[in-house]
Amino acid sequence: MWREPPGGGCKTPTYIFAMILLALLALTNVATAEDESMGPVFVKEPPNRVDFSNGTGAVVECQARGNPQPDIIWVRGDGTAVGDVPGLRQVLPNGNLVFPPFRAEDYRQEVHAQVYSCLARSPAGSVHSRDVNVRAVVHQYYQSEVNNEYVIRGNAAILKCSIPSFVAEFVQVVGWQDDQGNSFNPEEGNVVTQYYEAEVVSEYVIRGNAAILKCTIPSFVAEFVSVESWVGSDGSTFRPSNDYVVAQPYQPEILTEYVIRGNSAILKCSIPSYIAEFVTVEAWIREDGEVYIPEDPAVGQVVQQFYETRVIDEFVLRGNTATLKCLVPSFVADFVDVIEWLAVEDGSTYTTSNQDEKGTVSIVVRFRM
């Protein structure tokens with residue numbers, strides 16, 4: 001009912017304000033209640049795969065939050081709920097799915113080889129986790145079938161045992177046993193150690209020359225084979241060195257060098273490049289049979305000998321000094337030492353006993369008046 005106040009205008013009744021205020025309060029309470037409710041959300045979702053052995057057991061965790069707090073239920077792949085199985089499976093109040101250790105004879109496929117999922121459910125909604133593939137492995141010894149291999153007597157063969165692929169990653173070979181009951185403990189790579197003779201590739205070489213012999217070893221066992229020795233057709237045995245090279249002396253060809261009598265020359269012998277790193281010069285032999293043994297094999301195998309070289313003329317005033325130099329070819333300069341100086345006029349000699357630290361010999365020549 002509207003009523004005009006004195007002086008004109010209109011005035012809203014007081015009870016209308018009260019009704020509007022009550023309606024606002026009711027809407028606020030409804031909105032607050034809707035904000036407080038929340039559907040389930042996983043805090044810790046279980047993994048996709050859980051593998052364990054019967055000696056260890058396993059715990060699969062599942063946690064979720066929401067408003068109100070959701071309940072955790074484990075279900076199978078077909079949606080049916082999972083219950084407790086005494087001694088084999090247990091669902092804890094906190095939502096964890098526990099598989100305790102068990103005996104090998106207590107293994108049950110519907111429990112230990114099953115697909116599970118975690119269901120979080122509340123009045124505000126529900127949510128499923130990813131599928132959890134649970135697989136338990138029983139720790140036990142068993143004998144596997146060995147594949148037959150046919151091989152010629154004295155040769156080698158690789159034996160393999162048949163292991164199903166779905167358990168291959170959990171199986172370890174402990175030993176090998178033959179029909180007579182003999183046991184073989186495998187070493188690294190499960191290869192049985194044994195000796196056998198390999199064929200040697202024939203090499204044709206002139207008598208007195210060297211050759212590199214190679215033996216035929218199949219590529220699939222090459223990494224497991226090491227050469228112990230070489231046996232000749234006459235029964236002689238050669239033990240290999242680190243590089244499997246048989247040490248033997250031989251005479252290479254000497255390159256001919258032409259030189260004027262009294263001069264020096266550097267002699268070289270022909271050695272193939274593919275064996276040069278394995279060859280050392282032991283001695284030099286002349287045509288008349290004389291043998292030269294090098295003192296230091298690391299100094300280029302140079303034969304020590306004496307020879308006279310020409311002295312460069314120097315012109316100097318009487319009473320002064322001069323430095324004399326002798327001509328030595330550069331290609332042998334590293335191997336030449338000056339022993340003494342010889343005067344042409346009277347044959348007198350001057351030794352290098354007064355040589356200074358720089359290798360310079362100071363020789364003073366006196367002239368008669």
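## Arginine 286 and its partner

Arginine 286 is partly exposed, with a relative accessible area of 41%. In this predicted model, its side chain meets that of aspartate 288 in a salt bridge, at 2.6 Å from N to O. Aspartate 288 has a relative accessibility of 53%, so it counts as exposed, the cut-off being over 50%.

## Other salt bridges

The structure holds 9 salt bridges. Side chains of opposite charge can pair when their charged atoms come close. One of these pairs is lysine 44 with glutamate 61, at 2.8 Å from N to O. Lysine 44 belongs to strand β1 (residues 38-44), while glutamate 61 sits in the loop between β3 and β4 (63-67), so the salt bridge ties together parts that are 17 residues apart in sequence. Both partners are partly exposed: lysine 44 has a relative accessible area of 35%, and glutamate 61 has one of 32%.

Arginine 103 and glutamate 105 also meet through their side chains, with 3.6 Å from N to O. Here arginine 103 and glutamate 105 are both exposed. Elsewhere, a network of salt bridges links Arg49, Asp51 and Arg135.

## The protein as a whole

Let us step back for a wider view. The protein has 2 helices and 18 strands. Of its 369 residues, 14% are buried. The exposed surface comes to about 30000 Å², and carbon and sulfur atoms supply 52% of that area.

How much of the contact between residues at least 6 apart in sequence joins residues at least 24 apart? The share is 40%.

## A sheet of three strands

Strands of a sheet pair through backbone hydrogen bonds, either parallel or antiparallel. In this protein, one open sheet has 3 strands in the order β3-β7-β6, and the pairing is antiparallel. Its edge strands are β3 (58-60) and β6 (90-91), each of which pairs on one side only.

Strand β7 covers residues 97-99 and is joined to β3 by 3 bridges, with the two strands running antiparallel. To find this pairing in the model, look for alanine 58, which stands opposite phenylalanine 99 in β7.

## The nonpolar core

Which residues have the most contacts inside the largest nonpolar core? They are Val50, Phe52, Val60, Trp74, Phe99, Tyr116 and Val134, in a core of 21 residues. Several strands give two or more residues to this core, namely β2 (49-53), β3, β7, β8 (113-122) and β10 (132-137).

Tyrosine 116 makes a good guide to this part of the protein. Setting aside residues up to four places away in sequence, tyrosine 116 touches Trp74, Val75, Val82, Arg89, Leu97, Phe99, Glu110, Val111, Arg130, Asp131, Val132 and Val134.

## Two loop residues: Asn96 and Pro68

Is asparagine 96 buried or exposed? At 8% relative accessibility, asparagine 96 is buried, because the limit for that class is under 20%. This residue lies in the loop between β6 and β7. Beyond its neighbours within four places in sequence, asparagine 96 is in contact with Val59, Val60, Glu61, Cys62, Trp74, Gln90 and Val91.

Proline 68 is found in the loop between β4 and β5 (71-76). Most residues other than glycine have a negative phi, and most peptide bonds are trans. The bond from asparagine 67 to proline 68 is cis, with omega near 5°.

## A surface patch and a distant pairing

On the surface, Ile266, Phe331 and Phe335 form a nonpolar patch, and together they have about 280 Å² of accessible area. Isoleucine 266 is in the loop between β14 (237-238) and β15 (284-285). Its relative accessible area is 32%, which makes isoleucine 266 partly exposed.

Another loop residue to visit is alanine 156, between β10 and β11 (176-177). Alanine 156 is partly exposed, with a relative accessible area of 41%. How many residues apart in sequence are alanine 156 and tyrosine 196? They are 40 residues apart in sequence, and their C-alpha atoms are 7.4 Å apart in space. Apart from residues up to four places away in sequence, alanine 156 touches Val151 and Gln194.

Technical notes. Residues numbered from 1 in each chain as written. Predicted model: local features only at pLDDT ≥ 70, side-chain atom pairs only at ≥ 80, totals over all residues. Heavy atoms only, no water. Helix = DSSP H or I, 4+ residues; strand = E, 2+ residues; numbered from the N terminus. Buried < 20%, exposed > 50% of the residue type's maximum accessible area, 1.4 Å probe, protein only. Contact = heavy atoms within 4.5 Å. Areas by Shrake-Rupley, 256 points an atom, 1.4 Å probe, with all protein chains shown as cover. Pairing = 2+ DSSP bridges. Core = buried A, V, L, I, M, F, W, Y, C linked by side-chain atoms within 4.5 Å. Salt bridge = Lys/Arg side-chain N within 4 Å of Asp/Glu carboxyl O. Patch = residues over 30% accessible without salt bridge, like charges linked within 9 Å, V, L, I, M, F, W, Y side chains within 5 Å.
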